Amino acid sequence: MPETARAKSNRVAQVTHQFSLIYSGTSELTEDLENALFEAGCADALLGVQNGEVFLDFRRKAPSFQVALTSAVMDVERAGVGLELVRVEPA
């Protein structure tokens, strides 16, 4: 098998998964919070506050929803901003 065909067969299809992570721990978006989340890997999320909770609307490419969700939660935790996951919602 030619090298290019072998490389293509080893790739896993990346699909864009859409979901929202809802967090407690703060009820306002600050520049420090936004920067920490961005630097931790959440550049693919839209941030907002609704009803006293922070939400991150993700559009994350991954081979499966589980991989997308797990990596997003880990990125938020890596930011070290003291948010606590309340729920996950479909986008």
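Biologist: Which residue forms a salt bridge with E89?

Modeller: R87 does, with the closest N and O atoms 2.7 Å apart. This is a predicted model, and the distance is computed from it.

Biologist: Is E89 buried, exposed or partly exposed?

Modeller: E89 has 30% relative accessibility, so it counts as partly exposed. R87 also falls in the partly exposed class, at 34%.

Biologist: What else does R87 form a salt bridge with?

Modeller: E53, where the closest N and O atoms are 3.2 Å apart. R87 is in strand 4 (residues 84–90) and E53 in strand 3, so this salt bridge ties together parts 34 residues apart in sequence.

Biologist: And E53, buried or exposed?

Modeller: Buried, because its relative accessible area is 18% and the cut-off for buried is under 20%.

Biologist: How much of strand 3 is buried?

Modeller: Strand 3 covers residues 53–62, and 8 of its 10 residues are buried, so the strand is largely enclosed by the rest of the structure.

Biologist: Which strands does strand 3 pair with?

Modeller: Strand 1 (residues 15–24) pairs with strand 3 in the antiparallel sense, over 9 bridges. Strand 2 (residues 45–50) also pairs with strand 3 in the antiparallel sense, over 6 bridges.

Biologist: Where could I look for these pairings? What is the bridge partner of V15 in strand 3?

Modeller: A62 is the partner of V15. For the pairing with strand 2, look at L46, whose bridge partner in strand 3 is D57.

Biologist: What about the hairpin of strand 2 and strand 3, how many residues lie between the strands?

Modeller: There are 2 residues between them, and N51 takes a positive phi near 55° in that hairpin.

Biologist: Back to charges. How many salt bridges are in the whole structure?

Modeller: The search finds 5. One of them joins D44 and R60, with the closest N and O atoms 2.8 Å apart. D44 sits in the loop between helix 2 (31–39) and strand 2, while R60 is in strand 3, so the pair links distant parts of the chain, 16 residues apart.

Biologist: Why would they pair at all?

Modeller: Side chains of opposite charge can pair when their charged atoms come close.

Biologist: Are D44 and R60 buried or partly exposed?

Modeller: D44 is partly exposed, at 24% relative accessibility. R60 counts as buried, because its relative accessibility is 7%.

Biologist: Which residues are linked with D44 and R60 in a network of salt bridges?

Modeller: D75 and R78 are in that network with D44 and R60.

Technical notes:
Residues numbered from 1 in each chain as written. Predicted model: local features only at pLDDT ≥ 70, side-chain atom pairs only at ≥ 80, totals over all residues. Heavy atoms only, no water. Buried < 20%, exposed > 50% of the residue type's maximum accessible area, 1.4 Å probe, protein only. Helix = DSSP H or I, 4+ residues; strand = E, 2+ residues; numbered from the N terminus. Pairing = 2+ DSSP bridges. Salt bridge = Lys/Arg side-chain N within 4 Å of Asp/Glu carboxyl O.
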